Amino acid sequence: MEFLVKNGSVEKQRTACLIVGVFESRRLSAAAEQLDKQSEGYLSQLLRKGDLDGKVGQTLLLHYVPNVSADRVLLVGCGKERELTERQYKQINQKAISVLNETGATEAVSFLSELHVKGRSVYWNVRFAIEAIQDSLYRFVEFKSAQPEQRRQLRKIVFNVESRKALAEAEQALLHGKAIATGVTFAKNVANCPPNVCNPAYLATLAKNLAADYETIETQIIDESEMASLGMESYLAVSRGSANPAYLSVIKYQNHPNPNAKPIVLVGKGLTFDSGGISIKPSESMDEMKYDMGGAASVYGTMKALAEMNLPLNVIGVLAGCENMPDGNAYRPGDILKTMNGLTVEVLNTDAEGRLVLCDTLTYVERFEPEAVIDIATLTGACMIALGTHNSGLMSTHHPLAHELLNAASESDDKAWQLPLGEEYQAQLKSNFADLANIGGRLGGAITAGQFLSNFTQKYHWAHLDIAGTAWKSGADKGATGRPVPLLTQYLINKSHSA
Ligand code: BES
Ligand code: MN
Ligand code: ZN
């Protein structure tokens, strides 16, 4: 889909379709009001007859509106004028596009970008419209033998803004919105990919392809023999039961005006399949454990968005690729592993594998002397119990970093909620035989997982995002969400302003 912004008057637009809002009850938006005047009351007449009262989700498609140059006018219900939320604004945009897709219109000019969303500017309207539209148009059909039939498709949407002055802001939103939507799509594609295709080597190939596509990116791949010489025994133990070797992909984006500026490091859990290992998972929904690389997918998507925007930053994205399988050679409950930073870990459950892969990766990234390290992981079912599927769990040992991430989350509408860490929780990780146990019991499971990781992050500012509830959807709409690409990209955009 092509997106553009412009500033023009609604009645003069020559287009296949105009999209304008109507509020409850039957109140015309500014653009609809203009059209009503131009057509000598045609719209208000229809509304009086009760064809649309303005509830969110309602639409009415009109042809040949008198004295209007556009072929069609799509009226879209926008709810109560003063109470429009981000969620409703996105729904309205998605609804309009799905209705238009059923018509023969190949392009449209939307005046929904002129609506007033509480606490949001034109920038956010344009950006959220692009993100929401691309999100709802997404299909993963690569493995379907019959491709869906394409009729004449909507190809171009122009967002109108109220004033010439707002155009610069809207252009910026266009750039950011398109980059984020692309990043989200890339993350969804790799996460939806089946685990017999998307294995750690596949993640490494994607990482290398980014370096081929952008001059700002260089990629380095670390294989199992190199991991062994680095002392990453914990990471390797998880991988040992799998026939697919582990790869750690390091994607370096260098574009800060000061080449020596300390990088921001993003670490993604990349379990391309998590069977649970010897502590095997129940069969029901086990297929969804292909999404256990959602953290790595989001880092990959964020690196893509970053490169598209060409932000003046140094950022390193790390994909910790691995597969957790039961096998004669697999690691077992009771094993004691020596991690790269020297701490020993007693394995009490081979299904708590994410932290074992991440702890060595978090030690590995010390070498970059990072400004901050953020890991992103589908780490615990407990996080879904605590927060459900709308907020990612945020944990951090550095208040300012937590604050920046929470801000980015609410700005981007990619929500996160903070959970505590602390020495009280460390007590739950006590082992009789090693420095740490890899599980901390049933209570506060998301927190004890975060607490475990914090033992390996003493050398830098660190935050952890548990995305177990937000990275994908189950049920009839099963599929990756591409979260938290918007949150992470927003954080980087904010960083580029303060750089
Ligand atoms: N990848 C899972 C976490 C997960 C499970 C995410 C279900 C989303 C849905 C992780 O590796 C795991 O298995 N965690 C265990 C930890 C437990 C053994 C302490 C869990 O959450 O059950
Ligand atoms: Mn697991
Ligand atoms: Zn896992």
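**Note on the metal site, aromatic contacts, cysteines and a small sheet**

1. Asp274 bridges two metals, the zinc ion (ligand 3) and the manganese ion (ligand 2), and these two ions lie 3.1 Å apart. The model is a predicted one, and the distances and angles in this note are computed from it. Asp274 belongs to strand β10 (residues 264-274), whereas Glu353 sits in the loop between β13 and α10 (354-364), so the pair ties together parts of the chain that are 79 residues apart in sequence. Both Asp274 and Glu353 are buried.

2. Which residues coordinate the zinc ion (ligand 3)? The donors come from Lys269 through NZ, from Asp274 and Asp292 through OD, and from Glu353 through OE, at 2.0 to 2.4 Å. Along the sequence, the spacing of these donor residues reads K-x4-D-x17-D-x60-E. The site of the zinc ion (ligand 3) has six donor atoms, with angles of 78 to 176° among them, and is classed as octahedral. For comparison with that range, the ideal angles for six octahedral donors are 90 or 180 degrees.

3. Turning to the aromatic residues, the count comes to eight aromatic pairs. One of these joins Phe140 and Phe143, whose ring centres are 6.0 Å apart and whose planes meet at 40°, so the pair is tilted. Phe140 has a relative accessibility of 23% and therefore counts as partly exposed, and Phe143, with a relative accessible area of 49%, is likewise partly exposed.

4. Phe186 and Tyr300 also form a tilted aromatic pair, at 5.9 Å centre to centre and with 40° between the planes. This contact links distant parts of the chain, for Phe186 is in helix α5 (residues 167-192) and Tyr300 in helix α9 (residues 294-309), 114 residues apart. Is each partner buried or partly exposed? Phe186 counts as partly exposed because its relative accessibility is 28%, whereas Tyr300 counts as buried because its relative accessibility is 8%.

5. A separate point concerns the aromatic cluster made up of Tyr123, Trp124 and Phe128, two members of which also have a basic side chain over the ring. The charged end of Lys90 sits over the ring of Phe128, at 4.6 Å from the ring centre, while Arg120 lies over the face of Trp124, 4.8 Å from the centre of that ring.

6. How many disulfides does the model contain? The count comes to zero. Cys198 is in no disulfide, and the nearest cysteine sulfur to it, that of Cys193, is 5.4 Å away, which is to be set against the limit of 2.5 Å between sulfur atoms for a disulfide. Cys198 has 1% relative accessibility and so counts as buried. Cys359 is in no disulfide either, with the sulfur of Cys322, the nearest one, 11 Å away; at 0% relative accessibility, Cys359 also counts as buried.

7. Finally, three strands make up an open sheet with mixed pairing, in the order β12-β13-β17. Its edge strands, each of which pairs on one side only, are β12 (336-338) and β17 (436-437). Strand β13 (residues 344-346) pairs with β17 in the parallel sense over two bridges, and the bridge partner of Val345 in β17 is Leu436.

Terms used. Residues are numbered from 1 along each chain as its sequence is written. Chains are lettered from A and ligands numbered from 1 in the order in which they are written. This is a predicted model: local features need pLDDT of at least 70, side-chain atom pairs count only at pLDDT 80 or more; totals for chains, interfaces and linings use all residues. Side-chain values use heavy atoms; hydrogens and water are left out. Buried means under 20% relative accessible area, exposed over 50%, partly exposed in between (1.4 Å probe, protein chains only). Two strands pair if DSSP finds at least two bridges between them. Helices (H or I, at least four residues) and strands (E, at least two) are DSSP runs, numbered from the N terminus. Rings of Phe, Tyr and Trp (its six-membered ring) pair if their centres lie within 6.5 Å; planes under 30 degrees apart count as stacked, over 60 as edge-to-face and the rest as tilted. A charge sits over a ring if NZ of Lys or CZ of Arg is within 6 Å of the ring centre and within 35 degrees of the ring normal. Donors are N, O and S atoms within 2.8 Å of the metal (3.2 Å for Na, K and Ca); water is not among the atoms, so sites may look incomplete. Four donors count as tetrahedral if all angles lie between 85 and 135 degrees; four count as square planar and six as octahedral if opposite donors are over 155 degrees apart and all others between 65 and 115; anything else is irregular.
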